[in-house]
Amino acid sequence: MHGYYIYPILSYAHCEDNTLDQNAIIDFHPEMDNVLMVNGFSGHGLQHSPAAGRAAAELLTCDGRFATLDLSVFSFERCCENRPVFEQGIV
């Protein structure tokens, strides 16, 4: 194929970060109490950012507890204990 070249007009790249069950982590680090983890959204962070931001704000201002929604299912502990949470509504 001499003489043929591909010139990309647009390109896109991002980092995929996944957890053991493909769900987010919203929790304090168990050994470093000044580290709040809000990660593992695997490219869907923009969709989840309003709720994740609110959850992080609640953890920081409500003595480490969720005030509005109980999002403890997204704890880091489940990863340490190999307890994946699988979504039931995915087809």
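Cys62 is partly exposed, with a relative accessible area of 23%. I start with this residue in order to discuss the cysteines, and I should state at once that the model before you is a predicted one. Cys80, by comparison, is exposed, at a relative accessible area of 52%.

How many disulfides does a search of the whole structure find? The search returns 0. For Cys80, the geometry gives the reason: the closest cysteine sulfur belongs to Cys79 and lies 6.7 Å away, too far for a bond. A disulfide requires the two sulfur atoms to be within 2.5 Å, so the 6.7 Å between the sulfurs of Cys80 and Cys79 rules that pair out.

Let me turn to the overall architecture. The protein chain contains 2 helices and 2 strands, and along the sequence these elements follow the pattern β-β-α-α. The chain has 91 residues, of which 23% count as buried. Its exposed surface comes to about 7400 Å², with carbon and sulfur atoms supplying 58% of that area. As for the contacts, if we take those with a separation of 6 or more, residues 24 or more positions apart account for 50% of them.

One residue illustrates such long-range contact. Ala52 sits in helix H1. Is Ala52 buried or exposed? Its relative accessibility is 7%, and because the threshold for buried is under 20%, Ala52 counts as buried. Leaving aside residues up to four places away in sequence, Ala52 touches Ile26, Val38 and Phe41. Ile26 is 26 residues from Ala52 along the chain, yet their C-alpha atoms are separated by 7.4 Å.

I come finally to the largest pocket. Its volume is about 300 Å³. Which residues lie nearest its centre? They are Asn23, Ala24, Phe41, His48 and Phe74, out of a lining of 15 residues. Phe41 therefore appears in two parts of this account: it is in that central group of the lining, and it is also one of the residues that Ala52 touches.

Helix H1, which spans residues 45-61, gives the most to the lining of this pocket, with 3 residues. In chemical character, the lining divides into 7 nonpolar residues, 7 polar residues and 1 charged residue.

To recapitulate, the search finds 0 disulfides, Ala52 of helix H1 is buried at 7% relative accessibility, and helix H1 gives 3 residues to the lining of the largest pocket.

Technical notes:
Residues numbered from 1 in each chain as written. Predicted model: local features only at pLDDT ≥ 70, side-chain atom pairs only at ≥ 80, totals over all residues. Heavy atoms only, no water. Buried < 20%, exposed > 50% of the residue type's maximum accessible area, 1.4 Å probe, protein only. 1 Å grid on protein atoms, 1.4 Å probe; cavity = no way out; pocket = protein on both sides within 12 Å on 5 of 7 lines; lining within 4 Å. Points joined across faces, edges and corners; volume = space filled by probe spheres on them. Helix = DSSP H or I, 4+ residues; strand = E, 2+ residues; numbered from the N terminus. Nonpolar A, V, L, I, M, F, W, Y, C, P; charged D, E, K, R; others polar. Contact = heavy atoms within 4.5 Å. Areas by Shrake-Rupley, 256 points an atom, 1.4 Å probe, with all protein chains shown as cover.
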